[in-house]
Amino acid sequence: MANFDYTNIVRCKNSGNLLELIYPGPEVNVENLSIEEPKTSGEGEAKHKPVITRVDDGYNVKVGEVEHPMDEDHYIAVIELIADGQVHKQYLNPGDKPEATFKIPEATDLKAREFCTIHGLWQS
Ligand SMILES: [Fe+2]
């Protein structure tokens with residue numbers, strides 16, 4: 001049995017949909033679910049790994065070091081910043097810039113994730 005927790009992104013093996021688990025109860029039926037492990041390195045890293053930068057009143061998250069395309073069939077659908085246990089999200093559409101700024105206080109524990117419609121889930 002997989003160890004699900006609230007930070008997991010979960011994939012339905014039947015539909016391919018990605019799901020966010022708000023609270024994993026003791027009887028999670030894992031038969032059709034798998035934890036989607038975010039990539040952090042390897043092929044595509046330069047265009048996908050989120051880059052977090054402190055700005056005046058918060059944090060900017062860019063995908064990635066080399067700007068990711070935002071075409072109709074290949075784009076970043078969501079950027080997520082997890083800061084000291086708080087989750088901040090920006091949903092994006094084709095044509096948007098592949099970045100988001102979150103106006104939040106300085107945090108000590110930071111990570112960012114993004115989901116590319118072709119290349120999947122990536123984490124800083
Ligand atoms: Fe991509």
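A salt bridge is counted here when a side-chain nitrogen of Lys or Arg lies within 4 Å of a carboxyl oxygen of Asp or Glu. The exercises below concern a predicted model.

**Exercise 1. Determine how many salt bridges the structure holds, and work out which parts of the chain are tied together by the pair of arginine 11 and glutamate 36.**

Solution. The structure holds six salt bridges. In one of them, the side chains of arginine 11 and glutamate 36 meet at 2.9 Å, N to O. Arginine 11 belongs to strand E1 (residues 9-12), whereas glutamate 36 sits in the loop between strand E3 (33-35) and H1, so the contact ties together parts that are 25 residues apart in sequence. As for accessibility, arginine 11 has a relative value of 25% and therefore counts as partly exposed, while glutamate 36, at 16%, counts as buried, because the buried class covers values under 20%.

**Exercise 2. Find the partner of glutamate 20 in a salt bridge, and place the pair within a network.**

Solution. The side chain of glutamate 20 meets that of lysine 89 in a salt bridge of 2.9 Å, N to O. This pair links distant parts of the chain, with glutamate 20 in strand E2 (residues 18-20) and lysine 89 in strand E7, 69 residues apart. Both partners count as partly exposed, glutamate 20 at 39% relative accessibility and lysine 89 at 30%. The next step is to look beyond the pair: Glu20, Glu80, Lys89 and Arg113 are linked in a network of salt bridges.

**Exercise 3. Describe the salt bridge between aspartate 57 and lysine 103, and state for each residue whether it is exposed or partly exposed.**

Solution. The N to O distance between the two side chains is 3.8 Å, which falls within the 4 Å cut-off. Aspartate 57 lies in the loop between strand E4 (50-55) and strand E5 (58-63), and lysine 103 in the loop between strand E8 (99-102) and E9, so this contact ties together parts that are 46 residues apart in sequence. Aspartate 57, at 38% relative accessibility, counts as partly exposed, whereas lysine 103 is exposed, with a relative accessible area of 67%.

**Exercise 4. Identify the donors of the iron ion, and relate them to the sequence.**

Solution. The iron ion is coordinated at 2.1 to 2.3 Å by the NE2 atoms of His48, His68 and His74, by SG of Cys116 and by ND1 of His119. Read along the sequence, the donor residues follow the spacing H-x19-H-x5-H-x41-C-x2-H. Histidine 48, in helix H1 (residues 45-48), and cysteine 116, in strand E9 (residues 110-116), are 68 residues apart, and this pair links distant parts of the chain. Both histidine 48 and cysteine 116 are buried, and for cysteine 116 the relative accessible area is 0%. Cysteine 12 also counts as buried, at 16% relative accessibility. A search for disulfides across the whole structure finds zero.

**Exercise 5. Establish in which sense strands E6 and E7 pair, and describe the turn between them.**

Solution. Strand E6 (residues 76-83) and strand E7 (residues 86-91) pair in the antiparallel sense over six bridges. Among these contacts, alanine 83 has glutamine 86 in E7 as its bridge partner. The two strands form a hairpin with two residues between them, and aspartate 84, in the turn, has a positive phi of about 50°.

Technical notes
Residues numbered from 1 in each chain as written. Predicted model: local features only at pLDDT ≥ 70, side-chain atom pairs only at ≥ 80, totals over all residues. Heavy atoms only, no water. Donors = N, O, S within 2.8 Å, 3.2 Å for Na, K, Ca; no water. Helix = DSSP H or I, 4+ residues; strand = E, 2+ residues; numbered from the N terminus. Buried < 20%, exposed > 50% of the residue type's maximum accessible area, 1.4 Å probe, protein only. Disulfide = S-S within 2.5 Å. Pairing = 2+ DSSP bridges.
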